[in-house]
Amino acid sequence: MKVKVLALFALAVGVSMVSVPLFAHHGNSAFDTGKRLTLKGTVTEWFWANPHCFLKFDVKDDSGNVVNWVTETTNGPDMIERGWSKQTFKAGDEVTVTIEPVKNGKPVGRVIQVVLPNGQTLGMAYVKR
Amino acid sequence: MLSALTRAQTAQPAAPVALDGWGRPVKSPVTGPKAAPAPRRDLSGIWEPANGPGDGIQPNGPKDMPSDGKPEHTPPYTPLGLQMQNAHKALFGTTAVLQALNNDPADKCDPLGFPRADLFQLRHTQFFQNERQVVILYQFEKRWRTIWTDGRELPKEIPESKWYGYSVGTWVDDSTLVVQTVGTMGDERAWLDNTGRPVSDGMRVEERFHRVDRDHLEVTVTIDDPKMYTRPWVAINKFPMKLQSPDYDVIEMMCIPSESEKYHREYGDVASETVGK
């Protein structure tokens, strides 16, 4: 699968935002730990739920084919502590998402950070208070 | 007009803000540089992990006994305990499996039970108390349990095993409540922690809640389960918590089977290669 990958490894920007351990409900075994993909796409669904939320978005590859990516965050309460909310995304939003992909090549991964249409970056670090 | 537009275009997005369960900005929980002394025999309040909200989330096992392969972090299993540990297919720890292969009951939204509530998901925790009891409200799953402080003894015969057991508490000094719990679930639906460490119906758990001062609490949990472990061992030792603002509204958090099912279908199973193969 050839997708519009902006960067294969962690961007310098946002490194401080991934300094907390990532926690996936389904463990860490499925993930290509340490690998990063940065994808530009259009939000199709923001599923705000337990045990974990997930963000779905369409990414167009170089041939014009559209792939729907499914990427998870942690649960709602945890994401609120990180400055996210149920209203963070709506379908149609253009976003740039950095993920840690799974090993099996499926369009699936866990979110490291997103850049919203207004330029705001949200990551996985807890908001200081 | 033009300058206003320019300002709008160059304005930096607002920094993320943490909100409580009512959508209100979270206030600083500790009110001053030097905390007042602990009130006498009183744990009332909303407590949160002192080192950040994530400090009490312990997916790889209890904070002081993580499943990392180090001998000093390996519980002293009995032969039965080791057999049970090996039968548990956990999603975390040194023997973690892919989602499709796991048999963690909590993955199906079964209750965490006690003491896994302390050892996996110690988030915002509220204490209410009166002259007879201390009631603990856990954020995760919105569970609660009662600790009787009216002088009663633990039941000698357990009427019925319970997910959160039977608890009694004694003030050993004016700032330390020691709680003993027995009668917890001992079947396959109850795990000690997130890495599949086993429990039996013969387990006895001691919690020591020490209120260091008005704003700080330390939690120590000791496991004593002779069927599964050859000696008692400390799972979390003086885990630090701090007092939250009294008007903080704890965010709702539950495991919801219908949402979990969608999560498995659209994300977890795909990540584990159980569909489309």
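In the predicted model, Leu55(A) contacts seven residues that lie beyond four places away in sequence, namely Val43(A), Trp46(A), Thr71(A), Thr73(A), Phe89(A), Val97(A) and Val111(A). Leu55(A) is also among the members of the largest nonpolar core that touch the most other members, together with Val97(A), Val219(B) and Tyr267(B). This core comprises 74 residues. Strand E9 of chain B, residues 233-243, makes the greatest contribution to the core, supplying 5 residues. A second core, separate from the first, consists of 5 residues, including Leu91(B), Phe92(B), Ala96(B) and Val97(B). In soluble globular proteins, nonpolar side chains tend to be buried together.

Chain B contains 4 helices and 9 strands, arranged along the sequence in the order α-β-α-α-β-β-β-β-β-β-β-β-α. The C-alpha trace of chain B extends over about 80 × 60 × 35 Å along its principal axes. Chain B has 277 residues, of which 39% count as buried. When contacts in chain B between residues at least 6 apart in sequence are considered, 61% connect residues at least 24 apart.

For chain A, the mean pLDDT is 82, with 80% of the residues at 70 or more. Residues 1-22 of chain A have pLDDT below 50, although this stretch forms 50 contacts in the model beyond near neighbours in sequence. Where pLDDT is low, the predicted coordinates should not be read in detail.

Conventions: Residues are numbered from 1 along each chain as its sequence is written. Chains are lettered from A and ligands numbered from 1 in the order in which they are written. pLDDT is the predictor's confidence in each residue, from 0 to 100. Two residues are in contact if their C-beta atoms, placed from the backbone, lie within 7 Å. Helices (H or I, at least four residues) and strands (E, at least two) are DSSP runs, numbered from the N terminus. A residue is buried if 20 or more other C-beta atoms lie within 10 Å of its own, exposed if 12 or fewer, and partly exposed in between; C-beta atoms are placed from the backbone. A nonpolar core is a set of buried Ala, Val, Leu, Ile, Met, Phe, Trp, Tyr and Cys residues joined through C-beta atoms within 7 Å.
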